[in-house]
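User: I've got a structure open and would like to go through it with you, a bit at a time. Can you take my questions as we go?

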Amino acid sequence: MNPVSFDFSLEFARAMDQQDPLRQFREKFYIPERNGNPVLYFCGNSLGLQPRTTGSYIGRHLEKWAEKGVEGHFDGPLPWVDARKPSRPILADLLGAHPDEVVAMNSLSVNLHLLMVSFYRPKGKKFKILTEAGAFPSDQYILASQVQFHGYSPEEAIIELVPRPGEQLLRTSEIIEQIHKHQDELALVMMSGVQYYTGQFFDLQAISGAASRYGIKVGFDLAHAIGNVPLSLHDWGVDFASWCSYKYLNSGPGNVSGIFVHQKHGSNKDIPRFAGWWGHNEKRRFLMEKGFDAMPGADGWLLSNDPVLGLAAHQASLDIFAAAGMEKIRAKSELLTAYLEFVIRKTIGNPEEFTLITPSKPSERGCQLSLFLHQGGREKFELWTAQGLVADWRNPNVIRLAPVPLYNSFEDIYAFGKLMQLSQGDSR
Ligand SMILES: *Cc1c(COP(=O)(O)O)cnc(C)c1O
């Protein structure tokens, strides 16, 4: 699609949908309904919608379990011992990683702890962690409890990056400056990839480059980034990362997470880690021997045997990503979010009523826009919700709207614009 000049009309939105190379993907998902009508679902940043194929992917394993019992571990076209493997190349693609650098396992908060065991190694003066202020609460608890585990207090060991007074976003130059300033004290830089509240997509390449220059480890929480924005973790030299699969990856509530460990660490068996049998040399795993022998790559951090049913749901969605292609997804996403921004500015009218916290530059955001409403935010949100909007409210006054390119349409955004007009008491 070419750059376009937007228009707030049903005809325009439908014409955009007509030209959309991904338009047929919407039909691959169940769109929830209210009163017999599909809702306006802008909440894929919280829980992605269910692919229509998910049930049959899981069903195959349920049938096999019923028919074969324990033999299913080694039998059939999808032996359970290998359940995680088909996800690997697709995850690698989404992350810009080599296949051996990624593996699906556990859940996100668990994985961040495991990765910090290996990559947060405070020593002498170098014991601090740099992170963004206002990080997702689980991440705050993880960092605080990790530094406490090593005998430090969060106050002394965690440096939080705060936007300049009057600003909502962190400037890359400021992040780099802080890394430079604290180079002798930092053991780790750990931030989100896309900030859950503001929607800011940090310059991970610049952050990773700056940290590596001073020998500081760098890790990212990609919960809001994977499947949303383009990533090149290997080339950026990122040490480690983790994410969840139930947001943009549409894998279902609470489903499996994954880790990235850069190749520069993957073959180093001496890196301290918490080990389990699934991370042990695959060829000797069932010999039940004494003495852990880490598998090369990210697999060396595996602990437990694979959650087969969850991985089946995960695969159903990843196969859709593979069919659509991240480049097309991102191209549509940029247009869709730009159209949402256009429609918000057009329909809310008075710029004193709202602030768009999320950056306006497409390279600095994913699909989410965080809309700060100065007055009557909660009432508007409730009115819109009653009219079929599914979005997300964050105190004090922020609505997060995430039009997801795989299943949202330009017409959805037009319909949201009509809702916003409703709350203006105006029917232009
Ligand atoms: C969604 C999210 C989480 C959730 O963690 P779980 O362990 O999957 O419950 C953690 N961190 C960030 C940044 C998130 O966006």
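**Domains, ligand and a loop lysine**

Analyst: Sure. The domain assignment splits the protein into domain 1 (10–50 + 326–423) and domain 2 (58–322). Keep in mind that this is a predicted model.

User: How far apart are the C-alpha centres of domain 1 and domain 2, and how many residues does each domain put into the contact?

Analyst: The centres of the two domains, taken over C-alpha atoms, are 29 Å apart. As for the contact, the count is 31 residues from domain 1 and 22 residues from domain 2.

User: Which residues of domain 1 lose the most area to domain 2?

Analyst: Start with the whole interface: about 2,200 Å² is buried between domain 1 and domain 2, and carbon and sulfur atoms give 62% of that. On the domain 1 side, three residues together make up 24% of what that side buries. The ones losing the most area there are Leu47, Met326 and Ile357.

User: How many residue pairs are in polar contact between domain 1 and domain 2?

Analyst: Salt bridges don't come into it, since the rule finds 0 of them across this interface. Polar contacts do turn up, counting pairs with both residues at pLDDT 80 or more. The number between domain 1 and domain 2 is 8 residue pairs.

User: Which element gives the most to the side of domain 1 that touches domain 2?

Analyst: Two elements each supply at least two residues to that side, α12 (326–348) and β15 (398–401). By type, the residues on that side of domain 1 are 15 nonpolar, 10 polar and 6 charged. The element giving the most, with 3 residues, is α12.

User: Now the ligand. What is the distance from a ligand oxygen to an N or O atom in the side chain of Lys247?

Analyst: Lys247 is one of the residues around the ligand, a set including Phe136, Asp139, Asp221 and Tyr246. Ser109 has a side-chain N or O atom 2.7 Å from a ligand oxygen, and for His224 that distance is 3.1 Å. For the side chain of Lys247, it's 2.5 Å.

User: Last one: with which side chain does the side chain of Lys269 make a polar contact?

Analyst: Lys269 sits in the loop between α10 (263–266) and α11 (308–324). Met295 is 26 residues away from Lys269 in sequence, with 8.2 Å between their C-alpha atoms. Leaving out neighbours within four places in sequence, Lys269 is in contact with Asp293 and Ala294. The polar contact, at 2.6 Å, is with the side chain of Asp293.

Technical notes: Residues numbered from 1 in each chain as written. Predicted model: local features only at pLDDT ≥ 70, side-chain atom pairs only at ≥ 80, totals over all residues. Heavy atoms only, no water. Domains from an automatic or database assignment. Contact = heavy atoms within 4.5 Å. Buried area = accessible area lost by both parts, 1.4 Å probe. Salt bridge = Lys/Arg side-chain N within 4 Å of Asp/Glu carboxyl O. Polar contact = N/O pair within 3.5 Å; in protein donor to acceptor, adjacent residues only side chain to side chain. Helix = DSSP H or I, 4+ residues; strand = E, 2+ residues; numbered from the N terminus. Nonpolar A, V, L, I, M, F, W, Y, C, P; charged D, E, K, R; others polar. Near = heavy atom within 4 Å.
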